[in-house]
Amino acid sequence: MDESKLSNLGNLSDTFQDRNTEGEIPMGQYHHDVAGLAAAEGFPVVPAFPKEGGILDSGYWIVPQHVEPLDEVHEFINFMSTPETQASLSRNVGTAPVIDPAQTDLSADELAAVSSAGAPIIPRYDIYKDHADYISDTWNKMIAG
């Protein structure tokens, strides 16, 4: 792989599948749910959790200050948080439930397919403020071998 491609490894979320399929990238980090969907469609990826534990990343739903009708927004968020919806998302999208898995009807195998058993690893995104270049350089060196 040439140096220009290597320097862009951190920005591949939209092209990772293409570059992996073409053999340009032999390995990498990708969201587990997307990797699982890609594998189901025949892409040459193997979704896996690190032996140290799954990585617990997070996103947040927000309600903009002036949104209306507010009651419908709350109804949608409540619906998305129900045990039935969370189980459906796990089965069909590959995401781990954001509620206690015991509240869902997911089997042990279904839960294991979308989450790891051990305590999760919580990324320390705050360190990027002071160490972004070092982290990026080190990651690129590790990928290049």
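Student: What comes just after helix 5 that I should look at?
Tutor: Look at Gly94, which takes a positive phi of about 90° there. Keep in mind that this is a predicted model.

Student: Okay, back into helix 5 itself. Why is Gln86 called buried?
Tutor: Gln86 is found in helix 5, and its relative accessible area is 5%. Buried means under 20%, so Gln86 makes the cut with its 5%.

Student: Which residues of helix 5 are buried?
Tutor: In helix 5 (residues 83-92), they are Thr85, Gln86, Ala87 and Ser90. The cover over them includes helix 4 and helix 6 (108-114).

Student: What does Gln86 touch, leaving out residues up to four places away in sequence?
Tutor: Met80, Ser81, Ala96, Pro97, Val98, Ile99 and Thr104.

Student: What makes the link from the side chain of Gln86 to the backbone oxygen of Met80 a polar contact?
Tutor: The side chain gets to that oxygen at 2.6 Å. The cut-off for a pair of N or O atoms is 3.5 Å, so 2.6 Å falls within it.

Student: Now for Phe79. Why is Phe79 called partly exposed?
Tutor: Phe79 sits in helix 4 (residues 70-80), and its relative accessibility is 49%. Exposed means over 50% and buried means under 20%, so Phe79 at 49% lands in between and counts as partly exposed.

Student: How do you know that Phe79 can still belong to a surface patch?
Tutor: A patch residue needs over 30% relative accessible area, and Phe79 has 49%. Together with Trp61 and Phe76, Phe79 forms a nonpolar patch with about 360 Å² of accessible area.

Technical notes. Residues numbered from 1 in each chain as written. Predicted model: local features only at pLDDT ≥ 70, side-chain atom pairs only at ≥ 80, totals over all residues. Heavy atoms only, no water. Patch = residues over 30% accessible without salt bridge, like charges linked within 9 Å, V, L, I, M, F, W, Y side chains within 5 Å. Areas by Shrake-Rupley, 256 points an atom, 1.4 Å probe, with all protein chains shown as cover. Salt bridge = Lys/Arg side-chain N within 4 Å of Asp/Glu carboxyl O. Helix = DSSP H or I, 4+ residues; strand = E, 2+ residues; numbered from the N terminus. Buried < 20%, exposed > 50% of the residue type's maximum accessible area, 1.4 Å probe, protein only. Contact = heavy atoms within 4.5 Å. Polar contact = N/O pair within 3.5 Å; in protein donor to acceptor, adjacent residues only side chain to side chain.
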